[in-house]
Every structure is written in structure tokens, then in C-alpha cells.
Amino acid sequence: MGSVTRFLDSSIGRKVLMSLTGLFLCTFLIVHASGNLQLFKNDMGLAFNQYSVFMTTFTPIKIVSYLLYATILLHVISGVRLALANKAARPVSYGASKMPGSSSWASSNMMVLGFIILIFLVTHMANFWYKYKFGDVEWVKYEVSVMDGSVIGKTTMPSAPHMQPHEYVVNDGVSAPIKYVIVKDLYSVVQLAFQEVWIVALYLLGMLAIAYHLVHGFQSSFQTLGLRHPAIAGIIRNLGIWVFGIIIPIAFASMPVYFFFFA
Ligand code: HEM
């Protein structure tokens, strides 16, 4: 066994792996939440649908996506292995090492919180990601004013095999030039999913679990990596609480709530 493999298989190695993969997933959450804010634009879903095309076709982002799937798997697998090893060694679960200021409830329930997030994630990927990539999401054609970028109309399109998202401008020199944008209508898939009360409830529960999991996990990962110097401990703690415990979960939770009640 090589020294890296041996290190990753040790208890501290697994914790380092959990920290690094966890911090990478935290970064993903910031990007994902910011991108999804396009859902709130008053443009019949055009910006969100164009953003989805960019996320699924731009090669560097596609590569990062594969890294993301691998990271999720690694984080889950090493979390379970660490918890089982801890359980065998002593009757205290992963993350139960108390540190000043950490939420003790969250720290001793990281596995349960992680499991709720996993159930959320599997449902989430099945509802949106799988449907977008492999399901039969409807194609739509947007009519956009070239002058001011406003969306004039949206019509459904008959889908054809091997159809690709594209756009073109029609300028006949008589009427104002119009841009046509042809994309898959993922916006409507999201809108429809968030009419279901159980999906909204699962998302709210998922966001609560994410908030608790990350408030503890974010600062715990800095401790594991030896980066919790007293001079920055307060900053890390506040970042964990404000960004990952409050802002990100509220941003995500506002999406199902908005569609359920207002759209
Ligand atoms: C209400 C909040 C959310 C909405 C509306 C939403 C929406 C979407 C949509 C439409 C997709 C598929 C399209 C795409 O790949 O760009 C997607 C993918 C994904 N979502 Fe979310 N999401 C939300 C929250 C979350 C949360 C909290 C997590 C993590 C815990 C998450 C993790 C993922 C992952 C891992 C993917 C696959 C990304 C990829 O293939 O690159 N999402 N989400």
C-alpha cells in the first residue's frame, strides 16, 4: 500500500478527506445558489434556461461536474467509514469532539443530518438533473427584443432527435429585429415540481439539515486541517454560521416557497 493510500485509510486521513471534499461541496453550493437566483427573473424562465445550457454544455464546467459527482461519493463513503470506525472504537459518533462555540447537537448528529441531505439530493437529482439530461423535457422558443432584451413571447416547440439549443436573429429591415432562443424548458420543470407540497416540504427539511450540517462541518474542517488559528477562528465561525447556516439555506429554501405560493 502506498503512503498516500495508507494515510487516506487512517482515521486522520479520512477526516482530512472529509474536510477537503466538504469544503469543495460548500463552494459548489455558493455557485449553485447564485446561479439558481435566475429563477426569480421576470423573463418567463429565459435566463435560467440559458444558464442550464451553459452549465451542461461548457466543457470546463462539465469536467468540474464529474469532479463534483466523485466528491459527493467520496464524502459520503468516507463519512460512513469514519462513523463506523469511531463506533467500533468508542460509543461516540463522528464529529462529536466538542470545540468551543460549536453547536453540540449538530456535531453529534452529523451522520443523521448527512443522511437527510443524501435523501434530499437523490430526490433532487432525479427530479431535475436526470430529467434534464435523460428525460423528455419540452423544448421552447423564446422571442426576445434585440433592442432592450425583453422577452416578448414563449412557445413550445416540437422536439426532434438530436436537437441542440441554439439562437438566431431575424432582421427584415421593416420591423424591429427579434432574437429567437431555442432551449429545453427546465424552468417549467422546476415550477411544476414546486407545486407539490411534499417536494416543498422535503426541500425545507433538506435546507434545515444543510444549515446544521454546515455550521458544524465548515468550522470542523478548518480544525481538522490545522487552519483554526485563534486569530481567524472567529471569522471562520461567523462565516460558517452566516454564509452556510443562514444565507445559503434561505436562498435555496426561498425557491420552492416562491413557486409554491407566488408563481
Ligand atoms: C431550491 C433549491 C434548488 C434548485 C431550484 C435546484 C435546481 C437544480 C437544477 C435545475 C439542476 C439540474 C440542472 C443543472 O445541472 O444545471 C440541479 C442540479 C444539481 N443540484 Fe440543485 N437545486 C437546488 C438546491 C440544491 C442543493 C441544496 C444541493 C446540494 C445539497 C443541490 C445539488 C445539485 C447537484 C449536485 C446537481 C448536479 C449538478 C451538475 O450536474 O453539475 N441542489 N439543481
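Okay, let me start with the ligand: helix α6 gives the largest share of the shell around it, seven residues. Keep in mind that this is a predicted model.

So how many residues surround the ligand altogether? There are 21 of them, and the closest are M55, S65, F128, F252 and M255. As for what kind of residues these are, the shell has 15 nonpolar and six polar ones, and no charged residues. Besides α6, which runs from 110 to 134, the helices that each supply at least two shell residues include α2 (11-36), α4 (59-89) and α9 (230-261). α3 is on that list too, along with α7 (186-193) and α8 (197-224).

Let me stay with α6 for a second. Where is the kink in this helix? The centre is M125, and the angle is about 40°. Also in α6, you've got buried residues, namely M110, L113, G114 and I117.

Okay, zooming out to the domains. The domain assignment splits the protein in two: domain 1 is 3-136 plus 188-261, and domain 2 is 139-184. If you take the centres over C-alpha atoms, domain 1 and domain 2 sit 36 Å apart. At the contact between them, seven residues of domain 1 meet seven residues of domain 2. On the domain 1 side, which helix gives the most? That's α3, residues 46-57, with four residues. By class, that side of domain 1 has four nonpolar residues, two polar and one charged.

So α3 is one to look at twice: α3 supplies at least two residues of the ligand shell, and α3 also gives four residues to the side of domain 1 that touches domain 2.

How values were computed: Residues are numbered from 1 along each chain as its sequence is written. This is a predicted model: local features need pLDDT of at least 70, side-chain atom pairs count only at pLDDT 80 or more; totals for chains, interfaces and linings use all residues. Domain bounds come from an automatic or database domain assignment. Two residues are in contact if their C-beta atoms, placed from the backbone, lie within 7 Å. Ala, Val, Leu, Ile, Met, Phe, Trp, Tyr, Cys and Pro count as nonpolar, Asp, Glu, Lys and Arg as charged, and the others, Gly among them, as polar. A residue is near a molecule or strand if its C-beta atom, placed from the backbone, lies within 6 Å of it. The bend at a residue is the angle between axes fitted to the seven residues ending there and the seven starting there. A residue is buried if 20 or more other C-beta atoms lie within 10 Å of its own, exposed if 12 or fewer, and partly exposed in between; C-beta atoms are placed from the backbone.
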